[in-house]
Amino acid sequence: MNQEEKKELMGKYVKKLENAIKREAAVIKEMENDKALIKYLEGQKTSGAAFDNTVYESYDAWIETIKKQIKKSESTLTNIEFKKVELEAIQKYIA
């Protein structure tokens, strides 16, 4: 594979990276919503409000699930930051 073919291949990969990076705002928004939901659920639990969710067995189970989603979002954001660095390096390479 010659230099031009390598650059062409990496150019195609740039599009994939750019699409992944575009998700950043949506992931941040989702994480903010999850944090707000935890505060709401903790308030409901503290106030003694009746639990009427058929998906989760308790407020605690629901909160734990949301905390796991937040950790996943944080991991996704870390990966997006790496993709930004990778994109910058590739752009310099193919320039």
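Me: To get my bearings, in which helix is the place of Gln44?

Reply: Gln44 sits in helix H2. Keep in mind that this is a predicted model.

Me: Why does Gln44 count as partly exposed?

Reply: Its relative accessibility is 23%. Buried would need a value under 20%, and exposed would need one over 50%. Since 23% falls between those two cut-offs, Gln44 gets the label partly exposed. Leaving out residues up to four places away in sequence, Gln44 touches Ala49 and Tyr59. Lys68 is another matter: Gln44 and Lys68 are 24 residues apart in sequence, and their C-alpha atoms are 20 Å apart in space.

Me: What about Glu24: why is Glu24 called buried or exposed?

Reply: Buried, because its relative accessible area is 19% and the cut-off is under 20%. Glu24 lies in helix H2. Beyond its neighbours within four places in sequence, Glu24 is in contact with Leu77, Ile80, Glu81 and Lys84.

Me: And Ser73, what makes Ser73 count as buried?

Reply: A relative accessibility of 6%, set against a limit of under 20%, so Ser73 is buried. Ser73 is found in helix H3. Not counting neighbours within four places in sequence, Ser73 has contacts with Val27, Glu30 and Met31.

Me: Where does Thr54 lie, and why does Thr54 get the label it has?

Reply: Thr54 is in the loop between H2 and H3. Its relative accessibility is 82%, and exposed starts over 50%, so Thr54 counts as exposed. The C-alpha atoms of Thr54 and Gln3 are separated by 58 Å, with their positions 51 residues apart along the chain.

Me: Let's step back to the whole chain. How many helices and strands does the chain have?

Reply: The count is 3 helices and 0 strands, which run α-α-α from the N terminus on.

Me: How do you know how the chain compares with a compact globule?

Reply: Set the two radii of gyration side by side. A compact globule of 95 residues would come out near 12 Å, whereas the chain has 21 Å. The box around its C-alpha atoms, taken along the principal axes, is roughly 70 × 20 × 15 Å. As for burial, 22% of the 95 residues count as buried.

Me: How do you know whether the span of H1 agrees with its number of residues?

Reply: H1 covers residues 3–22, which is 20 residues. The expected span is 1.5 Å times one less than the number of residues, so H1 should span 28 Å; its end C-alpha atoms are 29 Å apart, and that agrees. For H2, with 24 residues, the reach from first C-alpha to last is 35 Å, close to the 34 Å expected.

Me: What makes the buried residues of H1 lie on the same side?

Reply: The residues in question are Val14, Leu17, Ala20 and Ile21. They cover an arc of only 125° around the axis, so they are on the same side of H1. What covers them includes H2 and H3. The face turned away from that buried side carries the exposed residues Glu4, Glu8, Lys12, Lys15, Lys16 and Lys22.

Me: What happens at the start of H1?

Reply: There, a side-chain oxygen of Asn2 comes to within 3.0 Å of the backbone nitrogen of Glu4.

Me: Which residues of H2 are buried, and what covers them?

Reply: The buried residues are Glu24, Val27, Met31, Asp34, Ile38 and Leu41. H1 and H3 are among what covers them. Gly48 follows H2, with a positive phi near 80°.

Me: Why is a group of residues called a nonpolar core, and which residues make up the largest one here?

Reply: The label needs buried residues of nonpolar kinds such as Val, Ile and Leu, joined through side-chain atoms within 4.5 Å. The largest such core has 10 residues: Val27, Met31, Ile38, Leu41, Tyr59, Trp62, Ile63, Ile66, Ile70 and Leu77. Helices H2 (24–47) and H3 (59–94) are the elements giving two or more residues to this core, and H3 gives the most, with 6. Apart from this core lies another, of 6 residues, including Val14, Leu17, Ile80 and Ile90. In soluble globular proteins, nonpolar side chains tend to be buried together.

Me: What is Ile63 in contact with, neighbours within four places in sequence aside?

Reply: Ile63 has contacts with Ile38, Leu41 and Glu42.

Technical notes: Residues are numbered from 1 along each chain as its sequence is written. Side-chain values use heavy atoms; hydrogens and water are left out. Buried means under 20% relative accessible area, exposed over 50%, partly exposed in between (1.4 Å probe, protein chains only). Helices (H or I, at least four residues) and strands (E, at least two) are DSSP runs, numbered from the N terminus. Contact means heavy atoms within 4.5 Å. The arc is that of the directions from the helix axis to the C-beta atoms. A polar contact is a pair of N or O atoms within 3.5 Å; within protein, one must be able to donate a hydrogen and the other to accept it, and residues adjacent in sequence count only if both atoms are side-chain atoms. The radius of gyration is taken over C-alpha atoms; the globule rule is 2.2 Å times the number of residues to the power 0.38.
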